[in-house]
Amino acid sequence: MADNVNAIRAYGTDGGKCYVAPLGSALPEGLDAFGPEWWDLGAIDPAGLTEAYEEERNAKTPLGYKSPVRTDITGVTKTFTTPMWEVNPYTQALYDNVDLSALEELPGGIITYPVYRPTGQRKYMLAVDTFDGVSHERTVAAIAEVTTRAERSKNAENVTASGLTWTVYEASDGLMFNRFYLSDGMWLPVETLEVAGTATTVAVAATTQLTATATYYNGEDTDVSADATWDTSAPLIATVDADGTVTGVGAGSANITASYRGVSDTLAVTVTA
């Protein structure tokens, strides 16, 4: 079989993302967007994500033999180390070994949580995305826990990173994680979506074209008008087609919303008689 240079990967060269969710949360279909129950842990250290696999084996060596004739697996440990750069409430709470459900928002946007002596376990679902050119690899573990926390430095010379090592646990059926691959196209998480139009005022029976522009986590902007889901708040005033074409129906104002990969934006359109 001929060598396939396209199968040579350097995952993480084009970025990576890490998400966590409460146990039992809904999984996205394949490489689709994560639902609102998943927390995005933010920016990752340029060193990237480290994945490790270790086995413990019991060697069977018959009497008189100098080497084993078989080895049996007695234990398996799967870990992901995610050095998170972004000091947001989620990475901070995970580093402090605090359950994410304990986070409380105070007036003024202040987030607080109490830190007690750790007891028990803090288990979550864990998802890791890595990208290399047009290739996308996703790993989703149904049960994982932060078992090691690296030292954090707070000084003017270095970025403060939360080095979290996740240990993956097997489910009752032995499942540890699922892998998803996409080799001929890349599903990039969307940071923001912007709806705009050359005209936000339209007469009855006339049309105006709106566009939806997605900004991906790597800073790339793309027109996704044809792929977004469009909706109107007042169909008796203005309707919107699948490509963002707005038609005036009656005098008044309507909010036109576009949604794409879990991110939405709204633009007000005025219809004149």
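**A walk through the predicted model**

Let's start with a little group of rings: Tyr19, Phe34 and Trp38 are linked into a cluster by ring pairs. Rings of Phe, Tyr and Trp (its six-membered ring) pair if their centres lie within 6.5 Å; planes under 30 degrees apart count as stacked, over 60 as edge-to-face and the rest as tilted.

Before going on, a word on what you're looking at. This is a predicted model, where local features need pLDDT of at least 70 and side-chain atom pairs count only at pLDDT 80 or more, while totals for chains, interfaces and linings use all residues. Residues are numbered from 1 along each chain as its sequence is written, and side-chain values use heavy atoms, with hydrogens and water left out. The pLDDT is the predictor's confidence in each residue, from 0 to 100. Here the protein chain averages 88, and 91% of the residues score at least 70.

Back to the rings. The ring rule gives four aromatic pairs. In one of them, the rings of Phe34 and Trp38 have centres 5.0 Å apart and planes at 55 degrees, so this pair is tilted. Phe34 and Trp38 are both buried, where buried means under 20% relative accessible area, exposed over 50% and partly exposed in between (1.4 Å probe, protein chains only). Trp39 and Tyr90 make another tilted pair, because their centres are 5.9 Å apart and their planes at 40 degrees. This pair links distant parts of the chain: Trp39 belongs to strand β2 and Tyr90 to helix α1, 51 residues apart. Helices (H or I, at least four residues) and strands (E, at least two) are DSSP runs, numbered from the N terminus. Tyr90 counts as partly exposed, at 28% relative accessibility.

Now find strand β9 (residues 162-168). Seven of its seven residues are buried, so β9 is largely enclosed by the rest of the structure. In a regular strand the side chains alternate between the two faces of the sheet. In β9, Ser162, Leu164, Trp166 and Val168 point one way, and Gly163, Thr165 and Thr167 point the other way. What does β9 pair with? Strand β4 (residues 70-84) is one partner, antiparallel over seven bridges; two strands pair if DSSP finds at least two bridges between them. Pro83, for example, has Gly163 in β9 as its bridge partner. Strand β8 (residues 135-149) also runs antiparallel to β9, joined by five bridges, and Ala144 stands opposite Val168.

Further along the chain is an open sheet of four strands, ordered β12-β19-β18-β15, with mixed pairing. Strands β12 (201-203) and β15 (229-232) stand at the edges with a single partner strand each, so one side of each has no neighbour in the sheet. Within this sheet, β18 and β19 run antiparallel and are joined by nine bridges. One example is Gly252, whose bridge partner in β19 is Val271.

What about the nonpolar side chains? A nonpolar core is a set of buried Ala, Val, Leu, Ile, Met, Phe, Trp, Tyr and Cys residues joined through side-chain atoms within 4.5 Å. The largest one has 24 residues, and Leu193, Leu210, Trp230 and Tyr260 have the most contacts inside it. Strands β11, β13, β16, β18 and β19 each give two or more residues to this core. Apart from it lies another core of 23 residues, including Trp39 and Ala144, so you've already met two of its members.
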